Amino acid sequence: MRIGQGYDLHRLEAGYPLILGGLTIPHDKGMAGHSDADVLSHAITDALLGAVALGNIGQLFPDTDPQYKGADSLVLLKEAYRQVREDAGYCVVNIDCTVIAQQPKLNPHIEAIRKKLAETLDISVQDISVKAKTNEGVGPEGREEAISVHAVALLQTVIPY
Ligand code: MG
């Protein structure tokens, strides 16, 4: 077994879509970034890579590389997990995430986000937890200047058939 931790934060700004776990969430502000700025998928990607010491999302998919401009972060997550499985030989036991966002309220979207992430990773919905909380109005998340995510992933060796 191995454990990995991932963290990411993106700025919330007008004129961008808000995409979390591949789901576009209706809101008057969205996440600024080089890719689609899916802060949740980025944190999960880093947790998976961290568990097997394969570096981080920025090393795998550099934001200086024009091919990743506006990239679908679920595609990046899927590719990172392919490397975790095929190169390192580990697969997911479970993933747990906390999304820190003052607005919008995310609870109505949590099940759809879990389903999308489970499909992307080809794991059970039971094995991916996504929790949302506010930041009590303080800090960049509390002032609605940013959304951040903490993620942990537990992996086990791929059991040979
Ligand atoms: Mg990011």
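**View 1. Salt bridge between strands 5 and 6 in the predicted model.** At 35% relative accessibility, K131 is classed as partly exposed. K131 forms a salt bridge with D96, and the closest N and O atoms of the two residues are 2.8 Å apart. The pair connects distant parts of the chain, with K131 in strand 6 (residues 128-133) and D96 in strand 5 (residues 90-100), 35 residues apart. D96 is likewise partly exposed, with a relative accessibility of 27%. In general, side chains of opposite charge can pair when their charged atoms come close.

**View 2. Salt bridge between E13 and R11.** The closest N and O atoms of E13 and R11 are 2.2 Å apart, and the two residues form a salt bridge. R11 has a relative accessible area of 48% and is therefore partly exposed, since the exposed class begins over 50%. E13, at 27% relative accessibility, also counts as partly exposed.

**View 3. Salt bridge within helix 4.** K115 and E119 form a salt bridge in which the closest N and O atoms are 3.4 Å apart. Both residues belong to helix 4 (residues 110-121); because K115 and E119 are four residues apart there, about one helical turn separates them. The two partners fall on either side of a class boundary: exposed means over 50% relative accessible area, so E119, at 51%, counts as exposed, whereas K115, at 48%, counts as partly exposed.

**View 4. Salt-bridge network of E79, R82 and E86.** Through salt bridges that share partners, E79, R82 and E86 are joined into one network. The structure as a whole holds seven salt bridges, among them the pairs K131 with D96, E13 with R11 and K115 with E119.

**View 5. Arginine side chains over tyrosine rings.** R85 lies over the face of Y81, at 4.7 Å from the ring centre. R2 is placed over the face of Y90, at a distance of 6.0 Å from the centre of the ring. As for contacts between aromatic rings themselves, the count of aromatic pairs is zero, the criterion being ring centres within 6.5 Å.

How values were computed:
Residues numbered from 1 in each chain as written. Predicted model: local features only at pLDDT ≥ 70, side-chain atom pairs only at ≥ 80, totals over all residues. Heavy atoms only, no water. Salt bridge = Lys/Arg side-chain N within 4 Å of Asp/Glu carboxyl O. Buried < 20%, exposed > 50% of the residue type's maximum accessible area, 1.4 Å probe, protein only. Helix = DSSP H or I, 4+ residues; strand = E, 2+ residues; numbered from the N terminus. Phe/Tyr/Trp six-rings, centres within 6.5 Å; stacked < 30°, edge-to-face > 60°. Lys NZ or Arg CZ within 6 Å of the ring centre and 35° of its normal.
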